[in-house]
Amino acid sequence: MLLFVAGENFAGESGNSDIPVPVPDQALCFAARHGMVGVRVSYRLAPAYPWPAGAKDVAAAISWVNENIDLFGGNPNEIVAVGYSAGAFHVASLLAHPEFQERDSGVAGAVLMSGIYHPGADASAAEKSYFGADASKYDQRSAFPGILNVETPILLAWSALDPPRLVAQGEQLKQRLCNSPTRCPRTTVLKSGTGLSSAFGPDASSDSLAEPTLELVREIEARGLP
């Protein structure tokens, strides 16, 4: 089953992310087209809910899925979390910080797309709202170094047309994972800048996350074979 955590921002006026509705719809349709159960996850936003609320919300959602997914024909041992933009950080943060995890909130694989994994001095106002104004705390609130120690298979992706900062974040995470005790992540660099909607859309060409994600799913399924 695929669990989608998609949100453009860390902060906002409402209690939900402001990602356009068609984007998660395309992602859920991708899951349905390939015989998987799709679940959409939202998270609370700063400033009302600062760090680490996003990761804790994802943990709570995964815990709920583990307890209830059999009602929808899903396998709790084959959950792949797909994080996009700010959602990518929340998924990465959950992997990196075991203290945020709840009972049965682990995942079998993760897809991280166009995320910020380590805030820095160039943090946006929305990021500062979530991570706090004290930049000296950003190291401990990032996905590093914890994510370098997890064995969960990761598919890492970004668009060549993403802002340079996002491209640099993806490249840095890839390099550090490749130099870690685990292994290099699968990596896909998309040529399109239209985001998750086109990456998982029905008319996606080779410039797509569809096939790399399916390869990750197949690897996870194969583990359960006798």
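Here are some numbered notes on this predicted model, from the overall layout down to single residues.

1. Let's begin with the chain as a whole. Its secondary structure comes to eight helices and six strands. Following the sequence from start to end, you will find the pattern β-α-β-α-β-α-β-α-α-β-α-β-α-α. Of the 226 residues, 53% count as buried. Take contacts between residues at least 6 apart in sequence: 78% of them join residues at least 24 apart.

2. The largest nonpolar core is a good place to look next. It has 49 residues, and those touching the most other members are Met 1, Leu 3, Leu 112, Tyr 117, Ile 147 and Leu 173. At least two residues of this core come from each of β1 (2–7), β2 (38–41), α2, α3, β4 (109–113), α4 (125–131), β5 and α6 (164–178). Helix α3 gives the largest share, eight residues. A second, separate core has 24 residues, including Ala 31, Val 80, Ala 199 and Leu 214.

3. Met 1 deserves a moment of its own. With neighbours within four places in sequence left aside, Met 1 is in contact with Val 37, Val 39, Val 65, Ile 69, Asn 75, Glu 78, Ile 79 and Val 80. So that you can place two of these names: Met 1 is listed among the members of the largest core with the most partners, while Val 80 is included in the second one.

4. Now for a helix pair. Helix α2 (residues 53–68) packs against helix α3 (residues 86–96) at an angle of about 75 degrees, and their axes are 8 Å apart. The two helices are therefore roughly perpendicular. On the α2 side the contact is made by Gly 54, Ala 55, Val 58, Ala 59 and Ile 62, and on the α3 side by His 90, Ser 93 and Leu 94. Sorted by type, the residues of this contact are five nonpolar, three polar and no charged.

5. Two cis peptide bonds are worth viewing on screen. One joins Ala 46 and Pro 47, with omega about 5 degrees, and Pro 47 lies in the loop between β2 and α2. Another joins Phe 144 and Pro 145, with omega about -5 degrees. Pro 145 is in the loop between α5 (138–141) and β5.

6. Please also check the backbone at Ser 85 and Asp 104. Phi of Ser 85 is near 60 degrees, a positive value in a residue other than glycine. Phi of Asp 104 is likewise positive and near 60 degrees. Their settings can be read side by side: Ser 85 belongs to strand β3 (residues 80–85), whereas Asp 104 sits in the loop between α3 and β4. Ser 85 is buried, at a relative accessible area of 12%, and Asp 104 is partly exposed, at 39%.

7. Finally, a serine in strand β5. What does the side chain of Ser 159 reach? Its partner is the backbone nitrogen of Leu 161, at 3.0 Å. Ser 159 lies in β5 (residues 154–159), and with a relative accessible area of 3% this residue is buried.

Note on methods: Residues are numbered from 1 along each chain as its sequence is written. This is a predicted model: local features need pLDDT of at least 70, side-chain atom pairs count only at pLDDT 80 or more; totals for chains, interfaces and linings use all residues. Side-chain values use heavy atoms; hydrogens and water are left out. Axes are lines fitted to C-alpha atoms, for helices over the stretch in contact, and angles run from 0 to 180 degrees between N-to-C directions. Helices (H or I, at least four residues) and strands (E, at least two) are DSSP runs, numbered from the N terminus. Angles under 35 degrees count as roughly parallel, over 145 as roughly antiparallel, 65 to 115 as roughly perpendicular and the rest as oblique. Contact means heavy atoms within 4.5 Å. Ala, Val, Leu, Ile, Met, Phe, Trp, Tyr, Cys and Pro count as nonpolar, Asp, Glu, Lys and Arg as charged, and the others, Gly among them, as polar. Buried means under 20% relative accessible area, exposed over 50%, partly exposed in between (1.4 Å probe, protein chains only). A polar contact is a pair of N or O atoms within 3.5 Å; within protein, one must be able to donate a hydrogen and the other to accept it, and residues adjacent in sequence count only if both atoms are side-chain atoms. A nonpolar core is a set of buried Ala, Val, Leu, Ile, Met, Phe, Trp, Tyr and Cys residues joined through side-chain atoms within 4.5 Å.
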